[in-house]
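Open the structure in your viewer and keep the selection tool at hand. The tour below moves from stop to stop, saying what to select and what is there.

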Amino acid sequence: MVSWYRDWAELLMLVLIALGFVLSVLLQNASFSYTTILLAGFLAGRIYYLKRFTEPILPFILMIVGFLVGYLIGNFWVSRIWIVILFMLGLGFSYYLHLKKIIVIFKSENFFK
Amino acid sequence: MVSFKELKSRVQTDFEFNRSEISSFLLAVLVTGIIFSFQDWGADQFDLIFGLRNLAMVLLLVLITFFFRASCQKIYGLSEGHKAEFKVWWLGIAIALVVCFVTLGRLPLILIGAMSAAFMVRQRLGEFRYGFSYWVQGMIAYWGPMANLILAILFAVGLYFAPDSYFFSQGVMLNLIMATLSFVPLPQLEGLQIFFGSRVLYVLGLALVALAWILLLSQTAFGLITSIVLGTVYGIIYILIGSEK
């Protein structure tokens, strides 16, 4: 029997795999698909920055990877290697911008209070 | 609400858009412009010049709308001794763009973020029980959709006299959609602030937006005149109640 309180990370990962798959199948234009995965990478970078010191971090990594896997499975029209590269680029760039405080979160010092 | 003279002084000293706000606004304007002009890049086949012209018009339109909306919210905030600042919702912008790609622009969403208010102690000295107020926060947020409705009526007037105008028709649609989505009760949007400010205000706002959809999209003289009259009456009642100090 699946318990939400115990298996929430795995369940959310499954939801994100499904979301990534559906999104990827619906986006039949290559440029839209690449833009979307770049945006997803940006958001993943932000999530990773927000959660990088919290424990457990594994569930969040599982969810990010889950979305990427779902997206890759549903991608029949574009290059899967480019999808991974663009996702990583988006993630790295977003993480860098957050690290340098160019993009801020609500805990940042210069954020409006 | 403070006197007009005091409000003028507050606007002169404290009305501003800081750098982070301007950069967020520009990004939101660009994304919203792309979303709203997505289906207008040629009738049968892709036409770059036609599309760029439409995009430029929509960008101008979105800029006017966002500036007017934010200004209304900021000025109302200053009148109540609060400083309002735009807080962008990155996820919302990404969701709107992805939904636009998936639906090929058939479902334009505007999920750009909301105004967040901070209490200005200096402006509240001498007033009764000063402190942060959910009501004021809700009212600042409420001014957003109301500003959209004012603009929607103005664009509808323009559309009445120039029925083929792309600028006016997109202006009406943009403002009505933005006013509607302002009531989505998510923490990053204004809907939740209005909801916690006042349930009555939330329901009233939703009813006004629904009425505006019906009256303005009817594209009849009756609908337009009724919406102008109702808007004016609502404004007069608001001024009579609000300017008691």
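In which helix of chain A is the place of Gly70(A)? Select residues 58–73 of chain A: this is helix α3, and Gly70(A) is in it. Remember throughout that the model is predicted.

**Stop 1: Gly70(A)**

Stay on this glycine. Is Gly70(A) buried or exposed? Gly70(A) counts as buried, because it has 23 C-beta neighbours inside 10 Å, and the cut-off for buried is 20 or more. Now show its contacts, leaving out residues up to four places away in sequence. Gly70(A) touches Leu16(A), Ile17(A), Ala18(A), Leu19(A), Gly20(A) and Phe21(A). Next, add Phe87(A) to the selection. Phe87(A) is 17 residues from Gly70(A) in sequence, and their C-alpha atoms are 13 Å apart in space.

**Stop 2: chain A as a whole**

Zoom out and color chain A by secondary structure. You should find four helices and zero strands. From the N terminus the order is α-α-α-α. The C-alpha trace spans about 45 × 40 × 20 Å along its principal axes. Chain A has 113 residues, and buried ones make up 30% of them. Now consider contacts in chain A between residues at least 6 apart in sequence: 77% of these join residues at least 24 apart.

**Stop 3: α2(A) against α4(A)**

Select residues 30–51 of chain A, helix α2. Add residues 80–99 of chain A, helix α4. At what angle do the axes of α2(A) and α4(A) cross? They cross at roughly 40 degrees and come within 7 Å. That angle makes α2(A) oblique to α4(A). The crossing is right-handed. Color this contact by residue class: there are 18 nonpolar, six polar and one charged residues.

Then follow the chain past α4(A) to Lys101(A), in the segment after that helix. Lys101(A) has a positive phi, near 60 degrees, and is a residue other than glycine. Lys101(A) counts as exposed because it has 12 C-beta neighbours inside 10 Å.

**Stop 4: across to chain B**

Show both chains. How many residues does each chain bring to the contact? Chain B brings 11 residues and chain A brings 11 residues. On the chain B side, three elements give two or more residues: β1 (82–88), α4 (90–103) and β2 (113–119). Helix α4(B) has the largest share, with seven residues. By class, the chain B side divides into eight nonpolar, one polar and two charged residues.

Keep α4(B) selected and bring back α2(A). Their axes come within 10 Å and cross at roughly 160 degrees. At that angle, α2(A) is roughly antiparallel to α4(B). The crossing of α2(A) and α4(B) is left-handed. Now show side chains. From α2(A), pick Phe32(A), Thr35(A), Thr36(A), Leu39(A), Leu43(A) and Arg46(A). From α4(B), pick the residues they meet: Trp90(B), Leu91(B), Ala94(B), Leu97(B), Val98(B) and Phe101(B). This helix pair's contact holds nine nonpolar, two polar and one charged residues.

**Stop 5: Leu97(B) and the nonpolar core**

Center on Leu97(B). Which residues is Leu97(B) in contact with, leaving aside its neighbours within four places in sequence? The partners are Leu39(A), Val31(B) and Ile35(B). Leu97(B) also belongs to the largest nonpolar core, a set of 79 residues. Leu97(B), Ala96(B) and Ala152(B) have the most contacts inside that core. Select residues 134–161 of chain B next: this is helix α5, which gives the most to the core, with 14 residues. In soluble globular proteins, nonpolar side chains tend to be buried together.

**Stop 6: the loop after α4(B)**

Go to Leu104(B), in the loop between α4 and β2 of chain B. Leu104(B) has a positive phi, near 55 degrees, and is a residue other than glycine. With 12 C-beta neighbours inside 10 Å, Leu104(B) counts as exposed.

**Stop 7: α1(B) against α3(B)**

Finish with residues 4–14 (α1) and 48–79 (α3) of chain B. These helices pack at an angle of about 120 degrees, with axes 9 Å apart. They are therefore oblique to each other, and the crossing is right-handed. Select Leu7(B), Arg10(B), Val11(B) and Asp14(B) in α1(B). They meet Ile75(B), Leu78(B) and Ser79(B) in α3(B). By class, the contact has four nonpolar, one polar and two charged residues.

Definitions and conventions
Residues numbered from 1 in each chain as written. Chains lettered and ligands numbered in written order. Predicted model: local features only at pLDDT ≥ 70, side-chain atom pairs only at ≥ 80, totals over all residues. Contact = placed C-beta atoms within 7 Å. Nonpolar A, V, L, I, M, F, W, Y, C, P; charged D, E, K, R; others polar. Axes fitted to C-alpha atoms, helices over the stretch in contact; angles between N-to-C directions. Parallel < 35°, antiparallel > 145°, perpendicular 65-115°, else oblique. Left-handed = near helix turned anticlockwise from the far one by under 90°. Core = buried A, V, L, I, M, F, W, Y, C linked by C-beta atoms within 7 Å.
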